[in-house]
Amino acid sequence: MRATFPEYVVALATIVGSVLFTIFGGVGIACLPLSLIFSFVRRPKAVITRSQYIKEATELGKKAKELKKAAEALHQEERSGNKGRKWRKNVKAVEKELLLLENDMNALEEMYPQGEKAEATWAFTVLAYIGKLIFGIVGLIVSIAWVAHIIIYLLVDPPLSSFLNEIFIKLDSVWGLLGTAAFAFFCFYLLIAVIAGEMMLGLKLVFITIHPMKWGGTLMNSFLFNVGLILLCSISVIQFCATAFAYYAQATAAQEIFGHTLQSLRGIKYLYKYNVFQYGFVALAILTLFYYALFGWRKRKPTGRFQLSTMYMIFKPLSGRAGEFSWL
């Protein structure tokens with residue numbers, strides 16, 4: 001049988017998206033709930049005093065001036081036409097330090113709310129962290145269910161159980177749309193996990209430029225980047241869900257396209273026959289779990305909470321010639 005052109009285009013897009021989905025989704029399925037839980041663990045326990053606030057704000061001001069000087073030096077180096085690999089590396093380092101400085105500033109504002117409604121602001125801060133804990137626990141249960149379902153239904157041959165498929169069918173028997181709603185929730189959660197993994201890796205490894213989505217502080221390129229990522233990975237999420245919930249979604253158009261046609265195309269079918277993406281997804285989820293178990297619970301020391309990094313960015317002229325700087 002010959003596949004139609006749209007089906008083959010979808011297949012190629014799915015392959016590209018599946019690579020990103022495996023990386024970001026595998027990391028995000030673990031870091032999404034655990035980051036919320038550990039955020040509650042590391043929450044500010046009480047409001048700091050005014051003298052502490054002034055001390056920390058002064059330190060932040062010093063670091064901001066250092067970052068400004070570093071940015072100005074990079075700008076001068078750019079104008080001189082010296083935009084090599086070293087320059088790009090330094091630019092990314094400055095961008096990362098600026099993001100960390102902004103996070104420290106927001107943390108300081110949380111610990112010392114100001115204005116006429118300072119008490120109400122602190123109360124909402126406490127409620128927000130409680131909400132993170134609740135959503136983190138719920139997300140952890142969903143993440144465990146996802147990983148367990150992948151292992152016992154997709155990676156084990158023959159499957160030990162249809163697990164979530166049976167749950168959705170039983171929910172449908174209780175109320176017609178209940179199983180469909182649960183199915184949609186698990187698919188949407190997987191997409192949110194992809195975004196969480198993308199932001200986590202972009203900040204930690206700095207192999208892509210990331211500006212986290214913030215209320216009133218998100219740049220347009222951040223929206224475009226995240227929308228593009230969602231569009232690219234959404235096809236892979238649909239394919240992954242169609243495979244994971246093949247028993248529940250049988251005899252549907254999605255199952256026909258992503259379950260039969262896609263997995264039978266010449267040259268592509270082996271990626272799905274040997275569950276390459278599923279193994280990668282589970283492996284990255286387990287590695288992320290170990291990472292958070294070892295390092296995620298640690299709270300940053302108060303003396304180092306508002307410092308730029310362990311390495312300071314200092315530029316100095318070389319041989320007295322303008323526009324040439326070195327990185328120390």
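Author: A residue is called buried under 20% relative accessible area, exposed over 50% and partly exposed in between, with a 1.4 Å probe and protein chains only as cover. Buried residues make up 38% of the 328 residues in this protein. The model is predicted, so local features need pLDDT of at least 70 and side-chain atom pairs pLDDT 80 or more, while totals for chains, interfaces and linings use all residues. Residues are numbered from 1 along each chain as its sequence is written, and side-chain values use heavy atoms, with hydrogens and water left out.

Reader: What pattern does the protein follow along the sequence?

Author: The order is α-α-α-α-α-α-α-α-α-α-β-β, that is, 10 helices and 2 strands. Helices (H or I, at least four residues) and strands (E, at least two) are DSSP runs, numbered from the N terminus.

Reader: Why is Pro 33 called buried or exposed?

Author: Pro 33 has a relative accessible area of 1%, and it is therefore buried. This proline is found in helix 1, residues 5-41. Its C-alpha atom is separated by 8.7 Å from that of Leu 133, 100 residues away along the chain.

Reader: What makes Glu 59 and Lys 63 a salt bridge?

Author: The term requires a side-chain nitrogen of Lys or Arg within 4 Å of a carboxyl oxygen of Asp or Glu. Between Glu 59 and Lys 63 the N to O separation is 3.1 Å, and the pair is accordingly a salt bridge. The two residues are 4 residues apart in helix 2, and therefore about one helical turn separates them. Salt bridges with shared partners join Glu 59, Lys 62 and Lys 63 into one network.

Reader: How many salt bridges does the structure hold, and what is the separation of the closest N and O atoms of Lys 62 and Glu 59?

Author: There are 2 salt bridges in the structure. For Lys 62 and Glu 59 the closest N and O atoms are 3.9 Å apart, and the contact is a salt bridge. Lys 62 and Glu 59 lie 3 residues apart in helix 2 (residues 50-79), so they too are separated by about one helical turn.

Reader: Why does Lys 63 count as buried or exposed?

Author: Lys 63 has 7% relative accessibility and therefore counts as buried. Lys 62, at 46%, counts as partly exposed. Glu 59 is partly exposed as well, with a relative accessible area of 29%.

Reader: Which residues gather in the patch of positive charge on the surface?

Author: Arg 85, Lys 86, Arg 88, Lys 89 and Lys 92 form this patch. Patch members have over 30% relative accessible area and no salt bridge; like charges are joined within 9 Å, and nonpolar side chains (Val, Leu, Ile, Met, Phe, Trp, Tyr) within 5 Å. Lys 89, in helix 3 (residues 85-111), has 63% relative accessibility and so counts as exposed.

Reader: Which residues make the nonpolar surface patch?

Author: Phe 124, Val 126, Leu 127, Ile 130, Ile 134, Val 138 and Phe 185 make a patch of about 660 Å². Helix 4 supplies the largest share, 6 residues. One residue of helix 4 is Ile 130, whose relative accessible area of 37% is why it is called partly exposed.

Reader: What makes the phi of Phe 163 notable?

Author: Most residues other than glycine have a negative phi. Phe 163 is not a glycine, yet its phi is positive, about 45°. This residue is found in the loop between helix 4 and helix 5 (164-174). At 26% relative accessibility, Phe 163 counts as partly exposed.

Reader: Why does Ala 148 count as buried, partly exposed or exposed?

Author: Ala 148 has 28% relative accessibility and hence counts as partly exposed. Ala 148 lies in helix 4, residues 118-155. Its C-alpha atom is 9.6 Å from that of Leu 164, 16 residues apart in sequence.

Reader: Which residues does the UniProt annotation "transmembrane region" cover?

Author: According to the unreviewed UniProt entry, the annotation covers residues 12-41, 133-155, 175-203, 223-248 and 276-295. Such annotations may be inferred rather than shown by experiment. In the model, residues 133-155 are 100% helix and 0% strand, with end C-alpha atoms 31 Å apart. Residues 223-248 are 85% helix and 0% strand, and their end C-alpha atoms lie 34 Å apart.

Definitions and conventions:
Accessible areas come from the Shrake-Rupley method with a 1.4 Å probe; for residues, only the protein chains shown count as cover. Lys and Arg count as positive and Asp and Glu as negative; His and the chain ends are not counted. The place of a charge is taken as NZ of Lys, CZ of Arg, CG of Asp or CD of Glu.
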